[in-house]
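Let's take a stroll through this protein, one piece at a time. Have the sequence and the 3D view open as you read.

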Amino acid sequence: MAAPSPEDPSLERHFKGHRDAVTCVDFSLNTKQLASGSMDSCLMIWHMKPQSRAYRFTGHKDAVTCVNFSPSGHLLASGSRDKTVRIWVPNVKGESTVFRAHTATVRSVHFCSDGQSLVTASDDKTVKVWSTHRQRFLFSLSQHINWVRCAKFSPDGRLIVSASDDKTVKLWDKTSRECVHSYCEHGGFVTYVDFHPSGTCIAAAGMDNTVKVWDVRTHRLLQHYQLHSAAVNALSFHPSGSYLITASSDSTLKILDVMEGRLLYTLHGHQVRGTGMAWSRSTALMQVQDWVSLKGGSSEGFPLEPTVAPSQPRQHREMQTGLASAGAVRGLFCDLA
């Protein structure tokens with residue numbers, strides 16, 4: 001077995017504290033804090049500084065399904081199966097305000113880049129936009145005909161993209177509140193969607209085991225990946241825009257080079273489905289990132305398979321990165337420069 005290369009992903013931190021499956025995760029902008037939500041109805045705020053004590057926030061009455069830090073890092077939004085959204089101050093006091101956002105499970109929360117607005121998505125088939133500081137309802141987007149799994153603002157805040165069990169991805173104009181385009185190429189429920197950091201493309205994951213990338217200006221399908229053998233549950237663009245990471249029910253996570261349209265790494269080891277991930281959003285040279293994977297069960301670690309070598313052919317590698325227990329959050333160090 002070949003020795004690990006310095007650029008290969010490797011385990012950096014392992015956080016343990018949730019009592020049930022971990023469902024979601026997000027880094028603060030300065031990467032000093034990491035938030036996670038769980039089926040145990042709690043949020044945890046983890047500190048990247050060694051030996052720092054984590055905060056446990058309680059308030060939701062059912063599973064926490066989504067978390068997102070505001071751009072400033074001073075606020076944290078969470079959504080739950082209890083149909084509410086909470087806005088937290090991520091400090092030791094854990095103070096929060098709560099509002100009943102939807103009439104069914106809240107699947108997604110996401111702050112606009114200016115921090116002034118929050119978009120939520122729900123099983124009630126709607127996407128809603130709220131004023132952050134007053135938690136005041138602004139407007140609803142209601143053309144989906146099934147559960148809405150995910151909604152995100154574009155980097156410039158002008159557009160909103162949503163993914164639904166009606167097998168469509170919809171692009172909305174925030175100002176006119178009109179649907180600009182519906183992408184209907186998925187053959188199953190669309191589970192997740194994300195904007196490219198440039199704002200010119202979107203990537204969507206589906207229950208049909210595929211990942212698709214579209215240009216939001218021409219609405220042309222740019223890339224179609226069918227690399228997983230089961231549903232793709234989540235994805236996230238690297239802040240540089242060069243890479244995309246995906247999590248699947250086939251118990252693997254994959255890192256794609258979207259500039260060259262190729263698979264770089266397959267990460268194995270989950271005995272349960274991969275539910276989500278997040279790249280840290282701040283880094284000195286946009287080269288070194290912390291990567292976090294979530295799971296809700298035991299795992300034998302992350303044996304790593306470099307599927308396509310970045311520069312020259314090299315031997316198959318597997319890296320055993322340690323053990324993890326149920327409801328764990330783990331961080332990997334990646335140099336993808």
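**A walk through the chain**

Start at aspartate 62, which counts as partly exposed because its relative accessibility is 26%. Keep in mind as you look around that this is a predicted model.

What does the side chain of aspartate 62 meet in a salt bridge? The answer is arginine 81, with 3.2 Å from N to O. This pair links distant parts of the chain, 19 residues apart. Aspartate 62 sits in the loop between strand S5 (55–57) and strand S6 (64–69), while arginine 81 sits in the loop between strand S7 (76–80) and strand S8 (84–88). Arginine 81 has a relative accessibility of 36%, so it counts as partly exposed too.

Now step back and take in the whole chain. It has 29 strands and 0 helices, so don't spend time hunting for a helix: the DSSP runs are what decide this. Of the 337 residues, 60% are buried. The chain exposes about 13800 Å², and 49% of that comes from carbon and sulfur atoms. If you take the contacts between residues at least 6 apart in sequence, 48% of them join residues at least 24 apart.

With strands in mind, here's a bit of background. Strands of a sheet pair through backbone hydrogen bonds, either parallel or antiparallel.

For an example, find strand S12 (residues 127–131) and strand S13 (residues 136–141). They run antiparallel, and 5 bridges join them. If you'd like to trace one of these matches, go to lysine 128: its bridge partner in S13 is serine 140. S12 and S13 form a hairpin, with 4 residues between them. Look in the turn for glutamine 135, which has a positive phi of about 50°.

Moving along the chain, you come to an open sheet of 4 strands. Their order is S14-S15-S16-S17, and the pairing is antiparallel. Which strands are at the edges? They are strand S14 (148–153) and strand S17 (179–183), each of which pairs on one side only. From one strand to the next, the twist averages 15°. On the S17 side, 4 bridges join that strand to strand S16 (residues 169–173), and the two run antiparallel. One match to pick out there is valine 169, whose bridge partner in S17 is tyrosine 183.

This sheet also has a charged link. Arginine 149 forms a salt bridge with aspartate 165, and their closest N and O atoms are 2.6 Å apart. Here again the pair links distant parts of the chain, 16 residues apart: arginine 149 is in strand S14, and aspartate 165 is in the loop between strand S15 (159–164) and S16. Are the two partners buried or exposed? Arginine 149 is partly exposed, because its relative accessibility is 23%. Aspartate 165 comes in at 5%, so it counts as buried.

The idea behind these links is simple enough: side chains of opposite charge can pair when their charged atoms come close. How many salt bridges does a search of the whole structure find? It finds 9. Among them is the one where the side chains of lysine 212 and aspartate 208 meet, at 4.0 Å from N to O. Lysine 212 is buried, with a relative accessible area of 5%, and aspartate 208 counts as buried as well, at 18% relative accessibility. There's also a network of salt bridges to look for, linking Asp257, Glu260 and Arg262.

Last stop: the rings. The structure holds 6 aromatic pairs. In one of them, the rings of tyrosine 55 and phenylalanine 57 have their centres 6.3 Å apart and their planes at 15°, so this pair is stacked. Phenylalanine 57 is buried, with a relative accessible area of 4%. Another pair is phenylalanine 99 and tryptophan 130, whose ring centres are 4.7 Å apart; the planes are at 55°, so the pair is tilted. This one links distant parts of the chain, with phenylalanine 99 in strand S9 (residues 96–100) and tryptophan 130 in strand S12, 31 residues apart. Both phenylalanine 99 and tryptophan 130 are buried. To finish, go back to Phe57: ring pairs link Tyr55, Phe57 and Trp88 into a cluster.

Conventions
Residues numbered from 1 in each chain as written. Predicted model: local features only at pLDDT ≥ 70, side-chain atom pairs only at ≥ 80, totals over all residues. Heavy atoms only, no water. Pairing = 2+ DSSP bridges. Buried < 20%, exposed > 50% of the residue type's maximum accessible area, 1.4 Å probe, protein only. Contact = heavy atoms within 4.5 Å. Areas by Shrake-Rupley, 256 points an atom, 1.4 Å probe, with all protein chains shown as cover. Axes fitted to C-alpha atoms, helices over the stretch in contact; angles between N-to-C directions. Phe/Tyr/Trp six-rings, centres within 6.5 Å; stacked < 30°, edge-to-face > 60°.
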